[in-house]
Amino acid sequence: MNNLTNAEPPKPQTVTAERINQAISWYEANAEAIDAALPIHTPGVLYNPGCLKLLDRFVLAWKAGEMPLNLAECYIHRPLTIFYQELKKRKESGNHPCTSAK
């Protein structure tokens, strides 16, 4: 018997200017923790120490109105989402950069 329904799978949320701004606010409040967590490995991407300098340039361009939404999604929202997920995962596992012994 087939238990599939006609319901569509959930769609990812559309990235809006508001979501970019929220991500930037989170980034500005957590930049030290992100920097301490680097390097961060994800499938296909390695975020090394020093990558936040480039991210800061993208954030400045966004705030100055010099970056379109589609590029902000790629160069700001995507990495910040990855950083958020990584910090959350480390915090839940007790391996958060702010709580780890140095």
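Contact here means heavy atoms within 4.5 Å. The structure is a predicted model, in which local features need pLDDT of at least 70 and side-chain atom pairs count only at pLDDT 80 or more, while totals for chains, interfaces and linings use all residues. Residues are numbered from 1 along each chain as its sequence is written, and side-chain values use heavy atoms, with hydrogens and water left out.

A good place to start is the overall fold. The protein chain holds 3 helices and 2 strands, where helices (H or I, at least four residues) and strands (E, at least two) are DSSP runs numbered from the N terminus. Along the sequence these elements follow the pattern α-β-β-α-α. Among contacts between residues at least 6 apart in sequence, 63% join residues at least 24 apart. Of the 102 residues, 28% count as buried, that is, under 20% relative accessible area with a 1.4 Å probe, protein chains only.

Helix α3 invites a closer look. This helix covers residues 69-92, and its 24 residues reach 32 Å from the first C-alpha to the last, close to the 34 Å expected at 1.5 Å a residue; the expected span is 1.5 Å times one less than the number of residues. A kink of about 30 degrees lies at histidine 77, shortly before proline 79, the bend being the angle between axes fitted to the seven residues ending there and the seven starting there.

Both His77 and Pro79 are among the buried residues of α3, which also include Ala72, Ile76 and Phe83. Their cover includes α1 (17-37), β1 (40-42), β2 (45-47) and α2 (51-63). After α3 comes glycine 94, with a positive phi near 80 degrees.

Note on methods: Buried means under 20% relative accessible area, exposed over 50%, partly exposed in between (1.4 Å probe, protein chains only).
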